[in-house]
Amino acid sequence: MFNKDANVKKFSSDTRLATKAIHAGHDPTEWRSRALVTPIVTSVTFACKENEPMDYLYARCGNPTRSCLERTLAALEEGQYALCFTSGMTAITAVVCLLSNGDHILSSDDVFGGSHFLMKNGVSRFQMTTTFVDCTDVEKVRRALKSNTKLVWLETLTNPLMKVLDIKAIVEAVKADRPDILIAVDNTFSTPVFQQPLNLGADIVVHSLTKYMNGHCDVCLGSIVTRNKDIYQRLSFAQRRLESHPQHEVAKKQCRGFSGMISFYIRGGKEEAKTFVNNLRIFTSAVSLGCVASLVEIPADISHNAIEEEYRLKNGITDNLIRLSVGLEDTEDLLNDLQQALDKTVSV
């Protein structure tokens, strides 16, 4: 049994890096098999059971294998929280998503490649601006700060010029007058083997795990590590969500067939919806769709629970809305399962 929130501090700061790399986040006693090598969990979705806490719901939101990696990364960078993303660029984009329209970013002037494109062009979509500065000169950094600067983005070692930026000096200069500004460091080239930016005062550390941290040229992955719980919670949200039929005639006109997705309202409210779902035998309560197994969920409780209630209700996502993803089981078995669950709901 995986423990998503196992304590990163088990391997304290006085434990050396090689020991952390091998053991932190990988505890064989966490799963029944006692496997020394972390099991690879390939499932995209996980079965839900009412009144039982769910560590995992949907692969985008979390995966047991990924959680082990995140705990290892947090330990190596001496942080408290780590999040993995599909690529280094996705991780950088998630950091930018911490900002608001109109905010200003100050960036190392020799950030190139995808990072440069994002800082120079991508942020303009959100009415953000970026100033590129020679960050080897701390005074230039200080002078380039604006009233709306909310992020200082540092890459050190820089790519490809290999400049080394004085992280601690930059942090002290920026935070002296503007403690609200976030300082993020791309630590891809140095790795925590040679540099730990959080210990130098940075708020966020970013890695393209595709590079040195993986080292085998067979992974596309990015990560973010922080000690700030608020930053972690906001990034965690970004990690999860980076994005009877009234149109039946339209569907017939443009589609060759119909999906296995069905949504309907059950008579009653939240309790009736839960009673119905809990009495299903073949349908598994889980997020996602398109599985060979039939799935069921109450969107207001699971897949759409992060949407503001007022907006959710306005759009018809009420507590008694049921969503089915019909799988490949025998049709009669599925119909019988739905009928018996409905009968039990009516009797209640």
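**Exercises on a four-strand sheet and helix H12**

The strands S8, S11, S10 and S9 form, in the order S8-S11-S10-S9, an open sheet of four strands with mixed pairing. The model is a predicted one, in which local features need pLDDT of at least 70 and side-chain atom pairs count only at pLDDT 80 or more, while totals for chains, interfaces and linings use all residues. Residues are numbered from 1 along each chain as its sequence is written, and side-chain values use heavy atoms, with hydrogens and water left out.

**Exercise 1.** Determine which strands stand at the edges of the sheet.

*Solution.* Step 1: strands are DSSP runs (E, at least two residues) and helices likewise (H or I, at least four), numbered from the N terminus; two strands pair if DSSP finds at least two bridges between them. Step 2: strand S8 (261–265) and strand S9 (284–285) each have a single partner strand, so one side of each lacks a neighbour in the sheet, and these two are the edges. Step 3: S8 runs antiparallel to strand S11 (residues 321–325), with five bridges joining them. In S11, Leu-324 is the bridge partner of Ile-262.

**Exercise 2.** State which helix lies across S8, S9, S10 and S11, and at what angle to S11.

*Solution.* Step 1: axes are lines fitted to C-alpha atoms, for helices over the stretch in contact (heavy atoms within 4.5 Å); angles run from 0 to 180 degrees between N-to-C directions. Step 2: the helix is H10 (residues 270–278), running at about 25° to S11.

**Exercise 3.** Establish where the buried residues of H12 lie around its axis.

*Solution.* Step 1: buried means under 20% relative accessible area, exposed over 50%, and partly exposed in between (1.4 Å probe, protein chains only). Step 2: the buried residues of helix H12 (residues 331–347) include Leu-334, Leu-338 and Ala-341. Step 3: seen down the axis, the buried residues of H12 fall within an arc of 165° (taken from the directions from the helix axis to the C-beta atoms), so they line one face of the helix. Step 4: Thr-331, Val-346 and Ser-347 are exposed on the other side of H12. Step 5: H10 and S11 are among the elements covering the buried residues.

**Exercise 4.** Describe the backbone of Thr-191 and the setting of this residue.

*Solution.* Step 1: most residues other than glycine have a negative phi. Step 2: Thr-191 has a positive phi, near 60°. Step 3: Thr-191 is located in helix H7 (residues 191–194) and counts as buried, at 7% relative accessibility.

Terms used. The expected span of a helix is 1.5 Å times one less than its number of residues.
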